[in-house]
Amino acid sequence: MEVEKEIETDFQPVCIVYKDGSVKLFEETEELPPGDDSKTGVSSRDVTISGESDVGVRLFLPRIKSGRKFPIVVYLHGGLYVGGSPSSSLYHPYQNQLAGKSRVLVVGVDFHRPPEVPFSTSMEDVWTVMKWVASHADGSGPDPWLSTYADYEKLIVMGDCTGCILVNSVPRRAIEEKLPNGVKINGMVMMHPCFWGSEAIQGEEEYYGSLCDFSKGLWMLAEPGSCGTDDPKLNPTGPLAPPLTDISCRRALICSAEKDWLKFRAWDYYSKLGSSGWAGDAEYWETDSEDHLFHLYDPGNEDAKFLLKRVGAFLNGLPAPPIMRRVTALF
């Protein structure tokens, strides 16, 4: 007879931590194989990066046209620190769609995740991938897709939910540690970012208290050595965070949704980035009547299609279609 384990902390619907140190994850997605997608014309394959780390990536290449090079999107999935992967049934279809509709080469990063490693290790994995991608800019890298079809003038870092914590970390690190071959990060895209802090900001007062302990506990599970929810990684606009002027890219798109309770943090990041003296161009896009990550869970709905067009224009360095109103804070 199987002995029922004693629960240390219950983080449902994300995970349960038991007193013996084991963790049960509640992730209902299956892993999908790479290959050719008939709907989008996108080809995908998995690559394990050798050398510094065994971190893996899943590459997504759009249908090739003669002489065409594609913007590179390094995609950092969410999953509340402990879940998600580029090959999951949630993220694989979306990256196919992103590559096919936006005509970009997507590098989905399969970084190591808590609780097996601290979240800071996830950040190191992402930087390892950034260096590996940039090493192909002179055409001599080991991967033929990145050496042949990638436009290194348009390198974008993109992510969703907790993946946005990783997105924020990359252009900061690029200030201190340069990428190979002089490659620079052109822009960043944050889809429904999951930032947090030790105190409520404007708009959060109604529900902050009920989520405070859960959010802090989950973060401390992911990053046990952290100083708490004002850790600059989690709270990039908080009292301990370095200036937002330390963002090396010059374009940013921050997206949220009307019913997403994290939207106030997204707006806070956007508005403070714009007022910080950062020498870049930031845009904020909020989708009416939708909730957190609606575009992943229901990619066929009209709002999701609309959002994909806006993101695609940004990734290709094009202005937003006229129908898409730009929201500008009063800096």
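## Exercises on a predicted model

Strand β7 (residues 105-110) is largely enclosed by the rest of the structure, because 5 of its 6 residues are buried. Buried means under 20% relative accessible area, exposed means over 50%, and partly exposed lies in between (1.4 Å probe, protein chains only). Helices (H or I, at least four residues) and strands (E, at least two) are DSSP runs, numbered from the N terminus.

The model is predicted: local features need pLDDT of at least 70, side-chain atom pairs count only at pLDDT 80 or more, and totals for chains, interfaces and linings use all residues. Residues are numbered from 1 along each chain as its sequence is written, and side-chain values use heavy atoms, with hydrogens and water left out.

### Exercise 1

Task: Find which strands are joined to β7 by bridges, and in which direction each pair runs.

Solution.
- Step 1. Apply the pairing rule: two strands pair if DSSP finds at least two bridges between them.
- Step 2. Strand β5 (residues 56-61) is joined to β7 by 5 bridges, and the two run antiparallel. Within this pairing, R58 has G108 of β7 as its bridge partner.
- Step 3. Strand β6 (residues 70-76) is joined to β7 by 4 bridges, and these two run parallel. Here V73 stands opposite V106 in β7.
- Step 4. From β6 the chain crosses through helix α1 (residues 91-102) to β7, and this β-α-β crossover is right-handed. Right-handed means that, with the strands pointing away from the viewer, the path from the first strand over the helix to the second runs clockwise.

### Exercise 2

Task: Determine how many residues of helix α4 (residues 163-176) are buried, and what covers them.

Solution.
- Step 1. In α4, 11 of the 14 residues are buried, so the helix is largely enclosed by the rest of the structure.
- Step 2. The buried residues include G163, C164, I165 and L166, as well as R172 and A174.
- Step 3. The cover over the buried residues of α4 includes two helices, α2 (119-134) and α6 (263-275), along with β6, β8 (150-160) and β9 (187-191). Contact means heavy atoms within 4.5 Å.

### Exercise 3

Task: Locate the salt bridges R45 to D143, E177 to R173 and E283 to R310, and state the burial of each partner.

Solution.
- Step 1. Use the criterion: a salt bridge is a side-chain nitrogen of Lys or Arg within 4 Å of a carboxyl oxygen of Asp or Glu. The count by this rule is 13 salt bridges.
- Step 2. The side chains of R45 and D143 form a salt bridge of 2.7 Å, N to O. R45 lies in strand β4 (residues 43-48) and D143 in the loop between α2 and α3 (144-149), so the pair ties together parts that are 98 residues apart in sequence. R45 is partly exposed, at 24% relative accessible area, whereas D143 is buried, at 4%.
- Step 3. E177 and R173 form a salt bridge in which the closest N and O atoms are 3.2 Å apart. E177 is partly exposed at 27% relative accessibility, and R173 is partly exposed at 26%. Both belong to a network of salt bridges that links E124, K131, R173 and E177.
- Step 4. The side chains of E283 and R310 meet in a salt bridge of 2.7 Å, N to O. This pair links distant parts of the chain, with E283 in strand β11 (residues 281-287) and R310 in helix α8 (residues 302-315), 27 residues apart. Both E283 and R310 are buried.

### Exercise 4

Task: Describe the sheet that contains β1, β2 and β3, and the helix that packs on it.

Solution.
- Step 1. The sheet is open, has 3 strands in the order β1-β2-β3, and its pairing is antiparallel.
- Step 2. β1 (7-11) and β3 (23-25) stand at the edges with a single partner strand each, so one side of each is left without a neighbour in the sheet.
- Step 3. From one strand to the next the twist averages 10 degrees. Axes are lines fitted to C-alpha atoms, for helices over the stretch in contact, and angles run from 0 to 180 degrees between N-to-C directions.
- Step 4. Strand β2 (residues 15-18) is joined to β3 by 3 bridges, and V17 stands opposite V23 in β3.
- Step 5. Helix α5 (residues 208-222) packs on the sheet and touches β1 and β2; its direction makes about 120 degrees with that of β1.
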